[in-house]
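New to this one? Take a moment with the picture below, then read on for a short tour.

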Amino acid sequence: MSHDWHIQLATPHDTLAVISLLKQVAQWLKESGIRQWAFLLEGGDDEEIAQAIVDQHTYLVRKGPELIGTFTVAASQTEWDRHIWGEDASENSLYLHRLALRPATMRKGLGANLLTWITQHAASEQKNLRLDCVADNPQLNQFYQRNGFHLLGTTDGHHKWQKSVEPRA
């Protein structure tokens, strides 16, 4: 992309940096009064985060050498996805998790650009990009709506968002 940032696949060497970034964002959310990702502060999901990196589902967003963001996208459902979405036997969906940007980089269009990159580069055979986020975070929910996602319902306090994507040829 023609920006001053680039995206690369995370490696096991990056695990601590990814976890650290996610915890920094979780702390910022907590301090901002947003009830989301608090479990990350206690080490919740550390093993799942590490495994997603090993499985080559996690990406880094860098500006020069600095890690400014991360996200995980996979065609297979996690246990959480099955809880929120139910069993997806169609295998037509990608699941986006832990899209996080350093707070200093927020509100500059990077999040929207990352969603565009994900739909253009991560889609292969899949027809849908799915994600969930806490229902009581209005700014984040509006962000996904503004970026072409459609609300499909709510499960366990989490809105389920989906966007159709064009499979790569």
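## A hairpin and the helix before it

Let's start at the hairpin of E2 and E3: two residues sit between the strands, and Gly64 there takes a positive phi near 60 degrees. Keep in mind that this is a predicted model. The mean pLDDT of the chain is 89, with 92% of its residues at 70 or more. Confidence peaks in strand E2 (residues 58-63), at a mean of 96, and is lowest in helix H5 (residues 110-122), at 86.

Strand E2 has partners in both E1 and E3, and here is how the pairings look.

| Strand pair | Sense | Bridges | One bridge pair |
|---|---|---|---|
| E1 (residues 6-9) and E2 | antiparallel | four bridges | Leu9 and Tyr59 |
| E2 and E3 | antiparallel | six bridges | Lys63 and Glu66 |

E2 is also mostly covered, as five of its six residues are buried.

Now step back along the chain to helix H3 (residues 46-54). Which residues of H3 are buried? They are Ile49, Ala52 and Ile53. These residues lie on the same side of H3, because they cover an arc of only 100 degrees around the axis. Look at the other side of H3 and you'll find Glu47 and Val54, which are exposed.

So what covers the buried residues of H3? The cover includes helix H1 (15-31) and helix H2 (38-41), along with strands E2, E3 (66-74) and E4 (93-101). That brings E2 back into the story, as part of what covers H3.

One last stop: just after H3, Gln56 takes a positive phi of about 65 degrees.

Notes. Residues are numbered from 1 along each chain as its sequence is written. This is a predicted model: local features need pLDDT of at least 70, side-chain atom pairs count only at pLDDT 80 or more; totals for chains, interfaces and linings use all residues. Side-chain values use heavy atoms; hydrogens and water are left out. pLDDT is the predictor's confidence in each residue, from 0 to 100. Buried means under 20% relative accessible area, exposed over 50%, partly exposed in between (1.4 Å probe, protein chains only). The arc is that of the directions from the helix axis to the C-beta atoms. Contact means heavy atoms within 4.5 Å. Two strands pair if DSSP finds at least two bridges between them.
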